Amino acid sequence: QVQLVESGGGLVQPGGSLRLSCAVSGFTARLYHMAWYRQAPGKAREFVAHILQNGNANAAESVRGRFTISRDNAKNTVYLQMNSLKPEDTAVYYCNQPENNYWGQGTQVTVSS
């Protein structure tokens, strides 16, 4: 059974950091392209970052230099390290495997003072 389980969200002040985790079961994450998306209230879901099978990664321009996607093959887990958080980063963050359109349930990130 395929599962993508996100965790690590919460309330953080502007300028703070969070690390999101996506625990994968039912397939081997390192064999697939994996991604993070987010959806803010009243807005469409948007791409945040992805990591390819060879480890190459990229991020959306709005988060580049602040967010980093990574993968722990031994734990079959994908991470999103988020630094210098801004109020506009507030959203539900989702883990995704594009090839089979697998999605997690999402984790809420709120950036507010």
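Which residue in β3 stands opposite V5? Select V5 and look across to strand β3: the residue opposite V5 is A23. Before going further, please note that this is a predicted model, in which local features need pLDDT of at least 70, side-chain atom pairs count only at pLDDT 80 or more, and totals for chains, interfaces and linings use all residues. Residues are numbered from 1 along each chain as its sequence is written, and side-chain values use heavy atoms, with hydrogens and water left out.

**First stop: the sheet**

Select residues 3-7, which form strand β1, together with residues 18-25, which form strand β3. Strands here are DSSP runs of E with at least two residues, numbered from the N terminus. β1 and β3 pair in the antiparallel sense over five bridges; two strands count as paired if DSSP finds at least two bridges between them. Another position to select along this pairing is E6, which stands opposite C22 of β3.

Now add residues 77-82, strand β8, which pairs with β3 in the antiparallel sense over six bridges. Here S21 stands opposite Y79 of β8, and C22 has V78 as its bridge partner in β8.

With β7 also displayed, one sees an open sheet of four strands in the order β1-β3-β8-β7, paired in the antiparallel sense. Its edge strands are β1 and β7 (67-72), each of which pairs on one side only. From one strand to the next, the twist averages 15°; the angles run from 0 to 180 degrees between N-to-C directions, and the axes are lines fitted to C-alpha atoms.

Return to β1 and show its side chains. L4 and E6 lie on the covered face of β1, whereas Q3, V5 and S7 lie on the uncovered one.

**Second stop: the disulfide**

Select C22 and C95, whose sulfur atoms are 2.1 Å apart and form a disulfide. The term is used for a pair of cysteine sulfur atoms within 2.5 Å, and by this rule the count comes to one. The pair links distant parts of the chain, since C22 is in strand β3 and C95 in strand β9, 73 residues apart. The link of C22 and C95 is left-handed, with -80° about the S-S bond. Both cysteines are buried, that is, under 20% relative accessible area (exposed is over 50%, partly exposed in between; 1.4 Å probe, protein chains only).

**Third stop: N96**

Select N96, found in strand β9 (residues 91-97). Why does N96 count as buried? Its relative accessibility is 2%. The side chain of N96 reaches the backbone oxygen of Y102 at 3.1 Å. Leaving aside residues up to four places away in sequence, N96 touches several residues, including L4, H33 and W103; contact means heavy atoms within 4.5 Å.

**Last stop: H33**

Select H33, in the loop between β3 and β4 (34-39). Is H33 buried or exposed? H33 is buried, with a relative accessible area of 19%. Next, display H50: its side chain makes a polar contact with the side chain of H33 (2.9 Å). A polar contact is a pair of N or O atoms within 3.5 Å; within protein, one must be able to donate a hydrogen and the other to accept it, and residues adjacent in sequence count only if both atoms are side-chain atoms. Beyond four places in sequence, H33 also touches other residues, among them I51, L52 and N96.
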